[in-house]
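Student: Hi! Could we go through the empty spaces in this one together, and then look at a helix pair?
Tutor: Happy to, let's pull it up.

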Amino acid sequence: MTSTLRNDRLLRALLRQPVDATPVWIMRQAGRYLPEYRATRERAGSFMNLCRTPELACEVTLQPLERFPLDAAILFSDILTVPDAMGLGLHFVEGEGPRFEHPVRTPAEIAALAAPDPELELGYVTDAVRLIRRELDGRVPLIGFSGSPWTLATYMVEGGSSKEFARVKGLLYDDPATLHRLLGVLSDAVAAYLNAQIAAGAQAVMIFDTWGGSLTPAGYREFSLVYMQRIVESLQRESEGRRVPVTLFTKGGGQWLEHMAASGCDALGLDWTTDIGDARRRVGDRVALQGNLDPAVLYASNERVAEETRKVLESFGDGPGHVFNLGHGIHPAIDPERVAALVEAVHAGI
């Protein structure tokens, strides 16, 4: 596991150290836009079988690296593995997304929850991390991840995806103490889960706060950011003689970057609704920035993809601390050739 890392651009950029070229990876880079992923997914029989079989999770993690000269691999898994390990019965409904058989909505249901042991109930994830690290053999670093406590709570209380967040926001306003109990258990669980990924070989970690942008400014600080900060403070930050960078990403959270930058994290992920140059001026040299091309740009021509990529690079400007990425996950209908054009444009620079 301690093989020499031949490409450490990502880790250096996340720590705001000089790099020879801007590193790039893509959220959901192992996914449905790749025909080889779809073939492996069919072989697995279901999405959760794919996640729970370390050999298959390793296979799809590595697939985009065979096509593109990306600067990182990201563990193939799902943000909802933690609540699934709490016994909520995760399954996926075609065309609807994730669903839980046993949502938690009452104080008694929430009080009964306990943080899972990541090496027991989530051992398939740490096994996958160890296998991926072995197969990468120092080629690029491996990113581990989890969903944020608030984002996990939205799914656990709603029972699946939601547009209005009626149940979880009802709990937030009517019984905040119960919601805080849920978020506390989840922050403990996520911290243990990410530390287990780091111990197994993850060289950077990321917390995905997909639904933080649904909150008010005060609600965001009280019900999302404070718990992500608690996790950051609990993480193992050194492994294999190097610092393990931590990135926070709140979709729709551009208005709160200063608060996020004060959390103790090393980097912030940006969606496409925030100009990266403006973000850099606001946070200064406190954190690196990751982002933030609109994923829909990849529906355009290779030439336009390269042009829009250069605009993001130019907006960030010179100096360390930029990891190029999309502003959210890559769409399933994207032509892989557009991803090749993006990666080439990033590495070519301005």
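**Pockets, cavities and a helix pair**

Student: What volume does the second largest pocket have?
Tutor: The second largest pocket has a volume of about 260 Å³. A pocket here is an open set of points on a 1 Å grid over the protein atoms alone, with protein on both sides within 12 Å along at least five of seven lines. The volume is the space filled by probe spheres set on the points, which are joined across faces, edges and corners.

Student: Which residues are closest to its centre?
Tutor: They are A21, T22, G317, D318 and G319, out of 18 that line the second largest pocket; lining means having an atom within 4 Å of a point. At least two lining residues each come from α14 (302-316) and α15 (336-348), and α15 has the largest share, with three. Helices are DSSP runs of H or I with at least four residues, strands are runs of E with at least two, and both are numbered from the N terminus.

Student: Before I go on, what kind of model is this?
Tutor: This is a predicted model, where local features need pLDDT of at least 70 and side-chain atom pairs count only at pLDDT 80 or more, while totals for chains, interfaces and linings use all residues. Residues are numbered from 1 along each chain as its sequence is written, and side-chain values use heavy atoms, with hydrogens and water left out.

Student: Ok, and what about the largest pocket, what's its volume?
Tutor: That one has about 1400 Å³. Its lining has 42 residues, and R28, R32, F47, D78 and F92 lie nearest the centre. The elements giving two or more residues to this lining are α2 (35-44), α3 (47-52), β2 (90-93) and β3 (97-100).

Student: How many cavities of 30 Å³ or more turn up?
Tutor: Three, in a search of the whole structure. A cavity is a set of points where a 1.4 Å probe fits but cannot get out. The largest cavity has a volume of about 40 Å³, and its lining includes R16, R280, F316 and P320.

Student: Switching topic: at what angle do α7 and α10 cross?
Tutor: The axes of α7 (residues 123-136) and α10 (residues 176-200) cross at roughly 30° and come within 8 Å. Therefore α7 is roughly parallel to α10, a term for angles under 35 degrees.

Student: Which residues make the contact?
Tutor: V125, T126, V129 and R130 of α7 meet Y193, A196, Q197 and A200 of α10, with contact meaning heavy atoms within 4.5 Å.

Conventions:
Axes fitted to C-alpha atoms, helices over the stretch in contact; angles between N-to-C directions. Parallel < 35°, antiparallel > 145°, perpendicular 65-115°, else oblique.
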